[in-house]
Amino acid sequence: MNDQDLVKRIVVELEGEKIPKNMSGYSYLKTAAMMSYRDFRLANSAVTKLYRELASRFETTASRVERCIRHAIETGAARNGVKKSSNSEFIANIADKLRTEDGLI
């Protein structure tokens, strides 16, 4: 799958979760989901590695990436009236859903 199609599908997922596009966490989540789709281990056990890679790409810190992602997920959960997922669970769920749809799992 090419990157453009993957990004479109991830955007649909984030919109469904009501993650506001104007939040830094939105961009981090979009990129994290894409990276986790390509390498599923990133969303599972290596979430700190994922934060470091995102921080490097976006020229910020890993702690800021983690905090912004958490805030975006909390905002989306509040808008949907559901319980908040952990950062790694949220990212893994999106990557897993897309990988399942593509027959990769």
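**Exercise 1.** Among contacts in the chain between residues at least 6 apart in sequence, what percentage join residues at least 24 apart?

*Solution.* The model under study is predicted. Contact here means heavy atoms within 4.5 Å. Restricting the set to pairs at least 6 apart in sequence, one finds that 60% join residues at least 24 apart. The elements linked by the chain run α-α-α-α-α-α from the N terminus, giving six helices and zero strands.

**Exercise 2.** Determine whether the radius of gyration of the chain agrees or disagrees with that of a compact globule.

*Solution.* For 105 residues, the expected value for a compact globule is near 13 Å. The chain has 13 Å, and therefore the two agree. Along the principal axes, the C-alpha atoms fill a box of roughly 30 × 30 × 25 Å. Buried residues account for 43% of the 105 residues.

**Exercise 3.** Identify the residues that touch the most other members of the largest nonpolar core, and the helix that gives the largest share.

*Solution.* The core holds 31 residues, and L14, L29 and I69 touch the most other members. Two or more residues come from each of α1 (3–16), α2 (24–38), α3 (41–44), α4 (47–58), α5 (62–80) and α6 (87–101). The largest share, eight residues, belongs to α2. Leaving aside residues up to four places away in sequence, L29 touches L14, I19, I69, A72, I73, F90 and I91.

**Exercise 4.** Describe the surface and charge of the chain.

*Solution.* The accessible surface is about 5,800 Å², and carbon and sulfur atoms contribute 47% of this area. There are 18 positive and 14 negative side chains. The centres of these two sets lie 4 Å apart.

Note on methods:
Residues are numbered from 1 along each chain as its sequence is written. This is a predicted model: local features need pLDDT of at least 70, side-chain atom pairs count only at pLDDT 80 or more; totals for chains, interfaces and linings use all residues. Side-chain values use heavy atoms; hydrogens and water are left out. A nonpolar core is a set of buried Ala, Val, Leu, Ile, Met, Phe, Trp, Tyr and Cys residues joined through side-chain atoms within 4.5 Å. Buried means under 20% relative accessible area, exposed over 50%, partly exposed in between (1.4 Å probe, protein chains only). Helices (H or I, at least four residues) and strands (E, at least two) are DSSP runs, numbered from the N terminus. The radius of gyration is taken over C-alpha atoms; the globule rule is 2.2 Å times the number of residues to the power 0.38. Accessible areas come from the Shrake-Rupley method with a 1.4 Å probe; for residues, only the protein chains shown count as cover. Lys and Arg count as positive and Asp and Glu as negative; His and the chain ends are not counted. The place of a charge is taken as NZ of Lys, CZ of Arg, CG of Asp or CD of Glu.
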